[in-house]
Amino acid sequence: MAISPPRPKGPPLNALRAFEAAARRGSFSAAADELCVTPGAVAQHVKSLEAWAGAPLFQRHAQGVEPTDLARTVLPGFVAAFDGLGEAVQQLRSHATPYQVRIAALPSIGQLWLSPQLPAIRRAAKSVSISITALEAPPNLKREQFDLSIFLEDQPAHAEVIEICRDVIFPVCAPEIAGRLETPLDLAAVTCLHDAAWSRDWPRWMAAAQPGAQVDTRGPVFSLYSLAVEEARNGAGVLIGHESLVRAHLESGALVAPFRTRVTLERKLVIGLARPLEEGSPLAGIVKALGA
């Protein structure tokens with residue numbers, strides 16, 4: 001009579017995924033945000049993995065958690081494994097649905113830079129279905145289900161990156177406000193509009209345009225840059241413009257640049273690719289239509 005003893009079981013995949021994210025991010029909360037679960041769920045998954053391994057993987061403190069030496073030792077293997085799994089899933093999806101392209105973009109880029117180009121993209125890739133998701137931070141293209149991303153980034157982390165342009169900043173406003181501005185010192189007498197994500201842009205520009213000057217540029221803060229642009233168009237105040245995002249408004253005359261000084265930042269508008277472009281592929285057609 002054949003004997004089939006029970007085989008040892010490995011840990012659940014979700015527990016391994018929770019451990020990898022928590023060890024890589026150094027936080028249960030950050031891992032929970034990435035995995036779209038609660039910190040409590042991450043903690044439970046990690047606890048079950050620690051029980052299976054018979055050793056602690058994190059030191060718990062009042063301020064948070066810290067990976068143990070064991071966790072740091074094995075982490076690179078788990079990162080490579082989940083990157084590889086993500087790439088395999090991407091390959092499966094891209095071959096199964098080659099004419100469905102998923103784009104992730106910063107909301108302001110999606111609204112102000114990408115949206116005006118969509119008609120040209122549809123003409124260039126008539127058989128392609130394009131989906132666009134607005135995200136506040138670039139996705140991990142090795143793991144998340146996007147074909148490309150479009151963001152303003154200081155140090156792009158993607159293996160495949162196409163640089164569109166450097167980020168150039170300068171004040172913009174409605175024509176009626178520009179008539180009241182002769183030098184940067186005149187900004188103290190008008191309302192300065194701010195974007196929450198790029199809070200350092202006003203100080204950077206002022207340091208270049210009027211070194212050493214103490215000009216109060218405090219004013220309303222917007223979490224949506226496109227809304228701040230609309231308010232600038234409406235005459236609500238002066239906003240730091242990002243050349244690639246306000247170019248259409250400058251060309252139409254809805255916004256003007258009252259000063260000559262422009263500051264070029266290290267930040268770049270880049271297209272991140274989940275995989276290398278193949279000549280003649282639907283994705284290559286879209287990238288070409290974007291001017292890359």
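This report looks at the confidence of a predicted model, then at one pair of helices, and finally at a single arginine.

Across the chain the mean pLDDT is 93, and 98% of the residues reach 70 or more. The elements at the two ends of the confidence range are set out in the table below.

| Element | Residues | Mean pLDDT | Place among the elements |
|---|---|---|---|
| Helix H11 | 282-289 | 86 | lowest |
| Strand S9 | 238-242 | 98 | highest |

**A pair of helices**

Helix H1, which covers residues 13-25, and helix H2, which covers residues 28-35, have axes that come within 8 Å and cross at roughly 125°. Angles of 65 to 115 degrees count as roughly perpendicular and those over 145 as roughly antiparallel, and H1 and H2 are therefore oblique to each other. The crossing in which H1 passes H2 is right-handed. On the side of H1, the residues that take part in the contact are Arg17, Ala18, Ala21, Ala22, Arg24 and Arg25, and in H2 they meet Phe28, Ala30, Ala31, Glu34 and Leu35. Sorted by character, the residues of this contact comprise seven nonpolar and four charged ones, with no polar residue among them.

**A single arginine**

Arginine 93 belongs to helix H4, which spans residues 69-96. Is arginine 93 buried or exposed? Its relative accessible area is 12%, and because a value under 20% counts as buried, arginine 93 is buried. When its neighbours within four places in sequence are left aside, arginine 93 is in contact with Gln100, Arg102, Gln145, Phe146 and Asp147.

Terms used:
Residues numbered from 1 in each chain as written. Predicted model: local features only at pLDDT ≥ 70, side-chain atom pairs only at ≥ 80, totals over all residues. Heavy atoms only, no water. pLDDT = per-residue confidence, 0-100. Helix = DSSP H or I, 4+ residues; strand = E, 2+ residues; numbered from the N terminus. Axes fitted to C-alpha atoms, helices over the stretch in contact; angles between N-to-C directions. Parallel < 35°, antiparallel > 145°, perpendicular 65-115°, else oblique. Left-handed = near helix turned anticlockwise from the far one by under 90°. Contact = heavy atoms within 4.5 Å. Nonpolar A, V, L, I, M, F, W, Y, C, P; charged D, E, K, R; others polar. Buried < 20%, exposed > 50% of the residue type's maximum accessible area, 1.4 Å probe, protein only.
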